[in-house]
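Here are a few exercises to work through with the model open beside you. Try each task before you read its solution.

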Amino acid sequence: MTLLRQYILPRIVQWFVVIFVGISITFLIPRLSPVNPVDNALGRLTSFQTMDPEASQQMRATLLDLYGLDGSIVDQYLNFWGRLIKGDLGPSFQSFPTPVMQIIGAGIGWTIGLLGTSILISWTLGLILGSLAGYFSNTWWAKLLERVVITIYPVPYYILAFILLMLFTYYWPLFPLVGGSRGEPAFTWEFISSVLYFGFLPALSLVIGGTAFRFIMAKALASTEMTSDYVQYADLAAVPKRKILFFYVIRNTMLPQVTDLALSLGALFEGALITEVVFGYPGVGYTLYNAINSGDYNIIMGITLLSIVGIATASLLVDLIYPFLDPRVRLR
Amino acid sequence: MLTTLRDLLRFSPSFRLGSIILLLAAILVILSFFSPYEPDDRRAVERNVAPSIEYWFGTTSQGQDVFWMLTFAVRNTLIVAGIAVSIGRGIGVILGMISGYLGGVVDRILSSIVDSIIVIPRLPLLILIATIMRGQMTIVALGLLIGILDWAYPSKRYRSQVLSLRERSFTHTAVFSGMNAWKIVIQEHLPFIIPFLLADVVSGFLFAIGIEVTLSILGLSDLDTQTIGSMIYWGNYYQSLLTNRVWVLLAPIGASIVVVVGFYLVSIGLSEYLDPRKRLARLRVKE
């Protein structure tokens with residue numbers, strides 16, 4: 001019971017606070033800005049066609065209503081929450097009146113497939129390689145691996161993805177330039193293989209970037225663990241090195257890694273943006289990019305809100321799973 | 001301070017290499033003040049010339065000399081990152097120290113705010129703000145924006161640093177011998193915080209450069225000012241790849257890789273220096 005009161009309840013409160021603060025910030029930003037989104041949209045519309053003043057006024061009123069900019073700021077805020085709780089993010093502005101939720105829903109499957117797979121692969125790969133390099137830090141291959149990783153890690157992800165794109169679609173055209181698959185979605189070998197084929201390069205770029213980060217973290221954790229007494233004792237007791245590494249060292253470094261895995265899965269919404277833009281992959285990130293280009297605030301806001309909820313929920317889940325993974329949290 | 005720097009240069013290969021790379025970047029920045037062209041001169045030189053002795057990195061389809069463009073780009077990108085880092089670390093250091101030294105209710109309130117802010121993803125928020133400010137974004141505004149969104153992690157780290165310093169025995173000794181609180185902070189604790197701050201500043205630069213490049217690629221930063229990101233944006237915009245003028249893209253891509261790797265190597269050197277365990281481990285290897 002004390003666990004519930006001292007550990008679980010504060011976490012749940014924190015979750016509500018994060019969501020509340022995040023959503024309020026998202027609500028406030030467009031309203032604090034000197035640019036009025038309605039005038040902006042109106043300007044874009046009238047630049048293509050002339051409109052008589054009356055129609056323009058009418059349009060303005062419709063737009064105000066659409067953006068939820070009617071009434072005082074408090075009214076707007078309450079309306080905003082009212083709609084959010086119903087799961088209504090408003091209509092998309094560019095492809096009116098399709099709801100934002102439907103547009104995001106169309107891309108989310110691609111994003112989850114691509115990111116989920118590559119995050120899991122890079123997590124496993126980075127964890128194992130990093131721990132190996134931390135454990136056998138004096139061997140030549142560990143040093144070589146570390147040099148490579150140190151060069152890749154700080155490079156902005158965009159640059160990494162763009163170099164891969166240049167190399168493998170332009171200079172050596174092994175992979176397609178844009179798209180997610182060929183043909184209609186169906187449970188056939190042709191469709192599935194085309195998904196893998198189109199997804200390979202974006203996934204590769206994510207795996208390289210993600211593995212570099214995970215490698216550095218795992219190596220640091222493993223080399224700290226190496227100085228522990230129990231590792232030296234196990235070494236003196238002639239426990240096989242393989243066993244020390246996989247059953248003791250990696251197990252003890254797992255905790256922060258599991259946290260991080262959950263957080264990066266929670267960051268699905270924001271993580272895919274650059275990948276999908278560079279490789280023209282039809283996921284949420286690409287939707288966001290199109291929304292940025294057409295100034296579709298509702299979509300941008302919807303994706304921002306979803307990513308806040310995603311991350312907050314992931315970190316709540318991590319906190320709730322913690323006591324099962326780490327007895328020290330349970331006992332405190 | 002100087003002794004530390006000398007030791008680092010002498011004993012840490014990554015710090016040495018990183019410093020050399022950053023020195024090169026600094027030379028580029030200084031050169032930008034002696035550029036024969038204005039930063040936004042178009043048609044100043046012959047168009048689409050491949051790299052040659054006259055034009056080291058070639059010229060663009062708009063008649064700009066890529067080498068001199070790059071000097072401006074590196075300078076402006078570093079300005080953006082510099083502003084972002086000073087704002088972000090400024091807020092972070094102050095909040096972290098307040099929360100660490102005052103403790104109690106203030107600490108609890110500040111910590112829960114920081115913990116909430118950390119969770120909120122930064123890139124979508126930045127994109128939202130940048131979209132709204134589109135067309136009015138200057139590099140200074142971009143720097144401010146990145147800074148305002150990047151202080152939560154640093155503040156958390158400074159808080160834990162201060163908490164650990166407060167419990168060290170030398171602090172207790174100073175308190176018991178009647179040393180004034182400000183004096184303890186400035187004379188006893190700052191020397192521990194400063195190297196830590198340095199490593200943190202470097203990683204702040206990495207983050208800010210990455211964001212600048214990302215936002216520019218999306219067309220959300222100030223595209224009329226030369227930055228590493230906007231050079232890539234315009235390179236893509238004028239189809240440099242398809243028209244076989246790769247040098248327009250290679251220069252900013254290369255520069256960004258070199259600069260970030262330089263910063264990263266310096267930060268590795270610094271944090272190895274800061275971590276006594278690693279320093280001992282290295283000494284043992286040297287024996």
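**Exercise 1. List the residues of α12(A) that are buried, then look just past the helix.**

*Solution.* Start with the residues: A:Val284, A:Gly285, A:Tyr286, A:Thr287, A:Leu288, A:Tyr289, A:Ala291 and A:Ile292 are the buried ones in α12(A). Buried here needs 20 or more other C-beta atoms within 10 Å of a residue's own, exposed means 12 or fewer, and partly exposed is in between, with C-beta atoms placed from the backbone. Helices (H or I, at least four residues) and strands (E, at least two) are DSSP runs, numbered from the N terminus. Next, the tally: 8 of the 11 residues of α12(A) are buried, so the helix is mostly covered. Finally, step off the end, and you'll find A:Gly295 just after α12(A) with a positive phi of about 65°.

A quick word on the ground rules: this is a predicted model, where local features need pLDDT of at least 70 and side-chain atom pairs count only at pLDDT 80 or more, while totals for chains, interfaces and linings use all residues. Residues are numbered from 1 along each chain as its sequence is written, and chains are lettered from A and ligands numbered from 1 in the order in which they are written.

**Exercise 2. Find A:Ala238 and decide: buried or exposed?**

*Solution.* First go to the loop between α9 (229–236) and α10 (241–266) of chain A, where A:Ala238 sits. Then check its backbone: phi is near 60°, a positive value in a residue other than glycine. Now count neighbours: A:Ala238 has 7 other C-beta atoms within 10 Å, so it is exposed.

**Exercise 3. Work out which elements of chain A touch chain B.**

*Solution.* Begin with the totals: 39 residues of chain A are in contact with 32 of chain B, contact meaning that C-beta atoms, placed from the backbone, lie within 7 Å. Then pick out the elements of chain A that give two or more residues to this side: α1 (2–32), α6 (140–152), α7 (157–171), α11 (268–279), α12 (284–294) and α13 (297–325). Last, sort that side by class, which gives 28 nonpolar, 10 polar and 1 charged residues. Ala, Val, Leu, Ile, Met, Phe, Trp, Tyr, Cys and Pro count as nonpolar, Asp, Glu, Lys and Arg as charged, and the others, Gly among them, as polar.

**Exercise 4. Describe how α10(B) packs on α11(B).**

*Solution.* Take the geometry first: helix α10 (residues 228–237) and helix α11 (residues 247–274) of chain B pack at about 155°, their axes 9 Å apart. That makes α10(B) roughly antiparallel to α11(B) (the cut-off is over 145 degrees). Then find the contacts: B:Ile228, B:Met231, B:Ile232 and B:Gly235 of α10(B) meet B:Val248, B:Leu249, B:Pro252, B:Ile253, B:Ala255 and B:Ser256 of α11(B). By class, that's 8 nonpolar, 2 polar and no charged residues.

**Exercise 5. Sum up chain B as a whole, then place B:Trp182.**

*Solution.* Count the elements: chain B has 12 helices and 0 strands. Its C-alpha trace spans about 75 × 50 × 30 Å along the principal axes, and 45% of its 287 residues count as buried. Now find B:Trp182 in helix α9 (residues 181–217) of chain B. With 8 other C-beta atoms within 10 Å, B:Trp182 is exposed.

Technical notes
Axes fitted to C-alpha atoms, helices over the stretch in contact; angles between N-to-C directions. Parallel < 35°, antiparallel > 145°, perpendicular 65-115°, else oblique. Contact = placed C-beta atoms within 7 Å.
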